[in-house]
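Grab a pencil and work through these exercises with the structure open beside you. Try each task before you read its solution.

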Amino acid sequence: MGIFKWITGILGWVTLGPIGGLIGYIFGSLFEGRAEIPFQEGETASSRRTFSASEQRNSFLVSLLVLSSAVIRADGKVHQKELDTVRDFIQRNFGQQAVPEAMKILEGLNSRQVNIYEVGPQIALYMNYSQRLQLFHYLVQIAIADGEFAKSEKGVLEAIGATIGLNGADINSVIAMFYKDTNSAYTVLGISPNATDDEVRTAYRKMAMKNHPDKVATLGPDVQKAAAEKFRQVQEAYETIKKERGLN
C-alpha cells in the first residue's frame, strides 16, 4: 500500500486541523497534478465520524512522520541512523512500496519547522492514551538510534509528550526503557525507590494496563508487536524490583 493511496481517501483524521495543513502542503509539492487532496481545516461536532482501523493506522504513521521530524532536528543534525529507524518502521508496517514516498514526505517535513504545540493537541484528540504511549515509544527509539541522547532531544521529547497529553510519569517511564540508570526500573513503573511494596504492585498493574498490546490492536500487528515489547519492559522492571525486595 503506497502513500499515494492515502490521498484518495484513507488517511483519516490527519486530513484535519494543523496536521492536515502541514501534510497538505507536503503532498501538494510531491504529487502536484496527480490528485485532488481533500485536506480540511477542522470539523464540527455534528460532522465528526468514526474512523476505520485503516484510517487510524495511516493517521498513526503520518503523525509519526510529523513528530519524527521534530525529534530528528532537535540536535541540529539529521543522523542517518535516525532516518533508518523511521524507514524500518515504515517497511515493517506498510511494506517496501511505501518507503520511497514516506521518506520523501519526511524529507519535506525536515525542510520545514514542525510546530509540536500545534500538532500535539490534534494527536491527543484523536488517539487513545495507549496509542499515544506507543507513538512516544517510537519517538524515543528514534532519538537514541544514533547512540546518543542529547539534552536537546530529551527536551523536545518531553515537550512532545506533554503536548500529546501524556503525564510526566509516563513520559519518564518510556524514556527510562531506553536510557538506563540505577533507578530505571522504578522510573519505568512511574514511582520512586521509596515506594512501599503495595505501591510497587499497584504501579505495575496500572502500567501494565496502559501498555497492554491489545490497546493498540487497531494500528496493525506490527505496532501491536512493538507494544508487546514495551509491555515486556514493564514486566521486566517489575521483576527487577521484586527480586531486589524479595517480593513474591
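**Exercise 1. Get an overview of the chain.**
Task: Work out what share of the protein's residues counts as buried, and which secondary structure elements it has.

Solution: Start with burial: of the 248 residues of the protein, 51% count as buried. Next, look at the surface, where the protein exposes about 11,500 Å². Carbon and sulfur atoms supply 50% of that exposed area. Now go for the secondary structure: you'll find 12 helices and zero strands. Reading along the sequence gives the pattern α-α-α-α-α-α-α-α-α-α-α-α. Finally, take the contacts with a separation of 6 or more: residues 24 or more positions apart account for 75% of them.

**Exercise 2. Decide how far to trust the model.**
Task: Find where pLDDT stays under 50.

Solution: Keep in mind that this is a predicted model. First check the overall score: the protein averages a pLDDT of 84, and 88% of the residues score at least 70. Then hunt for the weak spot, which is residues 32–39, where pLDDT stays under 50. The model does have 17 contacts beyond four places in sequence for this stretch. Still, where pLDDT is low, the predicted coordinates should not be read in detail.

**Exercise 3. Describe a helix pair.**
Task: Describe how H3 and H7 cross, and say which residues meet.

Solution: Two packed helices are described by the angle between their axes and the distance between the axes. Step one is to locate the pair: helix H3 covers residues 53–72 and helix H7 covers residues 129–143. Step two is the geometry: their axes come within 10 Å and cross at roughly 40 degrees. The crossing is right-handed. Step three is the contact itself: on the H3 side you'll see residues including Phe60, Leu64, Leu67 and Val71, and they belong to a contact with H7 residues including Leu135, Tyr138, Leu139 and Ile142. By class, the contact of H3 with H7 has 10 nonpolar, five polar and no charged residues.

**Exercise 4. Buried or exposed?**
Task: Sort Glu107, Glu101, Asn128 and Val14 into buried, partly exposed or exposed.

Solution: Take them one by one.

- Glu107 sits in helix H5 (residues 99–110). Its relative accessible area is 57%, so Glu107 is exposed, as that is over 50%.
- Glu101 is in helix H5 too. With a relative accessible area of 17%, Glu101 falls under 20% and is therefore buried.
- Asn128 lies in the loop between helix H6 (116–126) and H7. At 35%, Asn128 is partly exposed, because that value is between the two cut-offs.
- Val14 is in the loop between helix H1 (4–10) and helix H2 (17–30). Val14 has 0% relative accessibility, so Val14 counts as buried.

**Exercise 5. Compare sequence with space.**
Task: For Val14 and Val62, find how many residues apart they are along the chain and what separates their C-alpha atoms.

Solution: Count along the chain and you get 48 residues; then go to the C-alpha atoms, which are separated by 7.2 Å. Now repeat the steps for other pairs. Glu107 and Ser69 are 38 residues apart in sequence, with 8.4 Å from C-alpha to C-alpha. For Glu101 and Phe27, the sequence gap is 74 residues and the C-alpha distance is 9.7 Å. Asn128 and Gly165 are 37 residues apart in sequence and 9.9 Å apart in space, again C-alpha to C-alpha.

Technical notes. Residues numbered from 1 in each chain as written. Predicted model: local features only at pLDDT ≥ 70, side-chain atom pairs only at ≥ 80, totals over all residues. Heavy atoms only, no water. pLDDT = per-residue confidence, 0-100. Contact = heavy atoms within 4.5 Å. Helix = DSSP H or I, 4+ residues; strand = E, 2+ residues; numbered from the N terminus. Buried < 20%, exposed > 50% of the residue type's maximum accessible area, 1.4 Å probe, protein only. Areas by Shrake-Rupley, 256 points an atom, 1.4 Å probe, with all protein chains shown as cover. Axes fitted to C-alpha atoms, helices over the stretch in contact; angles between N-to-C directions. Left-handed = near helix turned anticlockwise from the far one by under 90°. Nonpolar A, V, L, I, M, F, W, Y, C, P; charged D, E, K, R; others polar.
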